[in-house]
Amino acid sequence: MTYKLSNLAGDLSGGLTAGIVALPLALAFGVASGAGALAGLYGAITLGLVTALLGGTRVQVSGPTGPMTIVFASALVMLGNNLSLVMMVVLVAGLFQLLLAALRAGVLVRFIPYPVISGFMTGIGGIILVLQLAPLLGQTAPSTPLQALLLLPQHLQDINLQALLLGGITLLLVFLTPASISRWLPSPLVALVVCTLISLHFAMDVPVIGNLPSTLPQFTLPGFALDQWTLIFTLGLTLAVLGSIDSLLTSLVADSITHTHHQPNRELMGQGLGNMLCAFIGGLPGAGATLRTVVNVKAGGNSRLSGVIHALLLLGLLLGLAPLAENIPLAVLAGILLKVGVDILDLRIFKMAKVLPRSEFAILLTVLLLTFFTDLVIAVTAGIILAMGIITWRLAQRAEVSFEVNHDLPSLNRQTEGVRILHIKGPLFFGSTSHMLDRIEAVDAVLDTRQIILDCRKIQLLDASALLMLDEAVAHYQSRQLDVELVVRPHLRNQLLEAHLPHIHADLVFTHLDEAVQGKQS
């Protein structure tokens, strides 16, 4: 693909801004994981570079994330603080992600309903807004949104006015810089440079990024213990699934902002290769990072080059360019992130609240609250389960049973007496079979009924539950000494017979109604 030079300014701005934002996060995640700050930085550089070059989302920025860090830290404790064994877990996770890519499982995330995505995006926006209030006031950022809310009264009593001034100037710049200027020099980069220079010129006493280590990683082989293999396998699978969901959801967020379409299986491949490489250099595993990706896009990132620049900036800082970043005030970063948080709030769907089905709005609120107060995976899992339950219920309500007695069948040109036809319509699947069987068995035969015909010609598909339900219905009427026949579409007749059900045989299944009445195949 030919690179457009017109994108260069935006990619530089996006990559540099995302890199600066990623730096303190990578160091913090490294410390929280128990592997050390350098592990977080190594992971951010390695995964960020590999996925930028090989991943399936051109503006995605990858690196250590909260959920992945938590699982990694748990693995470290469970494996006796043996970092070498934990790196084997990371290697297994990367291999699993490559397997998911080979199985083309990445496309499954596209079936996530929009209320789930909207709730997730709005929840992330809310988290950004709440977590950045403390740095904006010159205080240390809490680790969770709930903690940030609880500590807010205390932070308001201990405001660093100089930090608040810098944050306020940052907000003015990012919100009010004219579009004609932002098109060529994105407002986050303007704010970053201007406010940092103000801080240095007036020697302001505000929290800054601070000193950074500068040591390259060594290439080492992960350890292995046969007696711990089951645990390593399980933890690796957990990391792989978590990282894949996290990355693909971030890809969907990027799609919604840029109005493009990612390649999910290529994204899984890039994530898998990146995490595998992290395992060999002692880097923290990671995934597509929603915050850093949104920062990249909002700061002007247009292509893979922005992700590469993000990784190279972190590498440059690691190799000794730290003085260029160590004096950046955290309040300035907070101001930039507050603008990002506002931008990704999905306010459109709230304006549609009056016309949305209550069930969909309930899903949105559930995902939003769980994203804010728990984590991404729990929120999305709950949202998908709720959405599946609602869809199942709606489909089940469309299933119907109606019946007729003494039919005129033109094809036979005679009155059929004692024949009762039950017309089964709508989707017949696991969600509707129990309800349908109750209705079928509740139909009592009239005195002169000699034959029951289950007319299933308006059913397109039979799952295992539906097959067993039909067999139970046949057994129910046979126990009443009635003749029972089924009328189905030709392809379903083969399916019924090949299922080898105990009460449904070839002489009971027909493809035409008049054949069923006569009790013989044409």
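User: How many helices and strands does the protein have?
Analyst: Good place to begin! This is a predicted model, and its secondary structure contains both kinds of element. The count comes to 9 strands and 22 helices.

User: What radius of gyration does the protein have, next to that of a compact globule of 522 residues?
Analyst: Let's start with the yardstick: a compact globule of 522 residues would come out near 24 Å. Along the principal axes, the C-alpha atoms of the protein fill a box of roughly 100 × 55 × 50 Å. The radius of gyration of the protein is 31 Å.

User: What share of the residues of the protein count as buried?
Analyst: A residue counts as buried when its relative accessible area is under 20%. Applied to the 522 residues of the protein, this gives a buried share of 52%.

User: Which helix gives the most residues to the largest nonpolar core?
Analyst: The largest nonpolar core has 59 residues, and Leu192 and Ile20 are among those with the most contacts inside it. One helix, spanning residues 330-344, supplies 7 residues to this core. That top contributor is helix α15.

User: Which residues does Leu192 touch, leaving out those up to four places away in sequence?
Analyst: Here, touching means heavy atoms within 4.5 Å. With residues up to four places away in sequence set aside, the partners of Leu192 are Ile20, Ile328, Val332, Leu333 and Ile336.

User: How far apart are the mean positions of the positive and negative charges of the protein?
Analyst: Nice one to finish with! The protein has 27 positive and 30 negative charges, and each set has its own mean position. The distance between these two mean positions is 10 Å.

How values were computed. Residues are numbered from 1 along each chain as its sequence is written. This is a predicted model: local features need pLDDT of at least 70, side-chain atom pairs count only at pLDDT 80 or more; totals for chains, interfaces and linings use all residues. Side-chain values use heavy atoms; hydrogens and water are left out. Helices (H or I, at least four residues) and strands (E, at least two) are DSSP runs, numbered from the N terminus. The radius of gyration is taken over C-alpha atoms; the globule rule is 2.2 Å times the number of residues to the power 0.38. Buried means under 20% relative accessible area, exposed over 50%, partly exposed in between (1.4 Å probe, protein chains only). Lys and Arg count as positive and Asp and Glu as negative; His and the chain ends are not counted. The place of a charge is taken as NZ of Lys, CZ of Arg, CG of Asp or CD of Glu. A nonpolar core is a set of buried Ala, Val, Leu, Ile, Met, Phe, Trp, Tyr and Cys residues joined through side-chain atoms within 4.5 Å.
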